[in-house]
Amino acid sequence: MKKLKRIFELSPFWRWWSCFFWACQRVRLHPSVLIEGNAARLQIGRSTKIGAATVLEIGSMSQVVIGSHCWFYRDIEIRSNGVLSIGNRTTLQKGVTLNGNVRIGANCILAPNIFISSGTHIFDRWPGLPIQSQDQFFLNGVAAPPGARPAGDYDLPVAVGEDCWLGVNTTILPGVTIGRGCVVGAGSVVSKSVAPYSIVAGVPAKPIGKRLKWLPPVSLDATQRDAIPYLYEGFDCQLQAPMLVARMGERSTIALSPEVAACLTMKVQAAASGWLRLGEHEQPLVDGDNLLSFPITQATGRSYAGAALYEFVLSGLALSNGLTLLSCELSN
C-alpha cells in the first residue's frame, strides 16, 4: 500500500492536482514540487510561491505551517514529523534544508545551502553497534542500556527569530535559538544560542558585532520606528511616515525591561470588538481606542536575553479586522 501511495505521489497527475488545489488557495506551486506524506497537515498562506524541485515531506503526526507572502526559490527540502513553521514574508534560496522541529520567524532571509535540523543520528546509545542500526533500534523503541542519554536529547527544537539573515552555507545545530534580528556570517556553524540583534560568524560561530544595542525599555511608544526591535514577534509593522503602524497578530510578543512590575498598561486601537489575553487575564476590546491594564505575576512574562517577553493572544472580530498597538508601559 505504501509503495502504491509513493507511486501516486510521484505521478504527474498528483503534482498537477496539487498545483490546481493550491492555486485555489492563492498559492503558486511549481509543477515539479513534490508533496509526500500527510498533505492534510500542511498549511500554506496566501501569495506564497514555492519553486521547482522543492520537496515537502509531511509526517503522519506533523504540523507544517508556511506563512503568507513567502518565497522559495528552488531545490528546497522540508522534512518533518514534528512541528515546523516558517513566518510571513520569509525567503529561502536554493538548496535550503529544514528537518524536524524547526521554527523560522517572519521577514527572514535564508541564503543558499543552509542546513537546519533539530535531530541527530543515534551514535552513543549502543556504542558498539553501527550508527544505522542504532537509529533503527531507537525508532523501534528498543530499551536503552543503563546510563544512556534521555531520548529527548536526540531531538532538540531549533528556533530562528524574526528579521534574521542567515548567510550562505550556514549550519544550525539542534537546540539552538537565534534571537530576533541576528545576522549569521557565511559558512558558520551555530552550536550555541545567539542573543537578539547579534552578528556572529565562524566555526563554531562567535559574536563579532551588534546590529544595535539591545536594551528593552520600561515603556514603549509603538508609533515610533525605534520601537520595532522590541515588537519582538507577531507584529505587522508598516512605516507610514512619519509614524509606525504596529498591527498585532493572533499571537504577538513584546520585549520589555525585566525589572519587577505590578501591571502592564496598554493603549490599543481596535477596528472591531474582541478580546486580548495576557497570561491568565483577558480584557475586552471595543471598536476604537482602548486603555487596558494587565496584572503582572512571575508566570506572566518569560525571561530571555535581558528582557521580559510578554505574549498576547488576540481573539474575536478584532483579529480579522485589526488591532493596532499605540503604547505600553510597565508600572508598580
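## Nonpolar cores

In this predicted model, the largest nonpolar core holds 42 residues, and those touching the most other members are Ile 86, Leu 98, Leu 110, Ile 116 and Ile 178. At least two residues of this core come from each of helix H2 (12–24), strand S3 (42–44), strand S5 (55–58), strand S6 (63–66), strand S9 (83–86), strand S12 (102–104) and strand S15 (158–160). Apart from this core lies another, of 38 residues, which includes Tyr 197, Leu 231, Leu 278 and Ile 296.

When residues up to four places away in sequence are not counted, Ile 178 touches Ala 159, Val 160, Gly 161, Cys 164, Leu 166, Ile 172, Val 184, Val 190, Val 194 and Tyr 304.

## The parallel sheet

Seven strands form an open sheet with parallel pairing, in the order S2-S5-S8-S11-S14-S17-S20. Strand S2 (34–37) and strand S20 (189–190) are at the edges with a single partner strand each, so one side of each has no neighbour in the sheet.

Within this order, strand S14 (residues 115–117) pairs with strand S17 (residues 171–172) in the parallel sense over 2 bridges. Ile 116, one of the core residues that touch the most other members, has Ile 172 in S17 as its bridge partner, and Ile 172 is also among the residues that Ile 178 touches.

## Surroundings of Ser 252

Ser 252, which lies in strand S25 (residues 243–256), is buried, because its relative accessible area is 0%. A polar atom of the Ser 252 side chain lies 3.4 Å from the backbone oxygen of Gly 234. Leaving aside neighbours within four places in sequence, Ser 252 is in contact with Glu 233, Gly 234, Phe 235, Tyr 310, Glu 311 and Phe 312.

Definitions and conventions. Residues numbered from 1 in each chain as written. Predicted model: local features only at pLDDT ≥ 70, side-chain atom pairs only at ≥ 80, totals over all residues. Heavy atoms only, no water. Pairing = 2+ DSSP bridges. Helix = DSSP H or I, 4+ residues; strand = E, 2+ residues; numbered from the N terminus. Core = buried A, V, L, I, M, F, W, Y, C linked by side-chain atoms within 4.5 Å. Buried < 20%, exposed > 50% of the residue type's maximum accessible area, 1.4 Å probe, protein only. Contact = heavy atoms within 4.5 Å. Polar contact = N/O pair within 3.5 Å; in protein donor to acceptor, adjacent residues only side chain to side chain.
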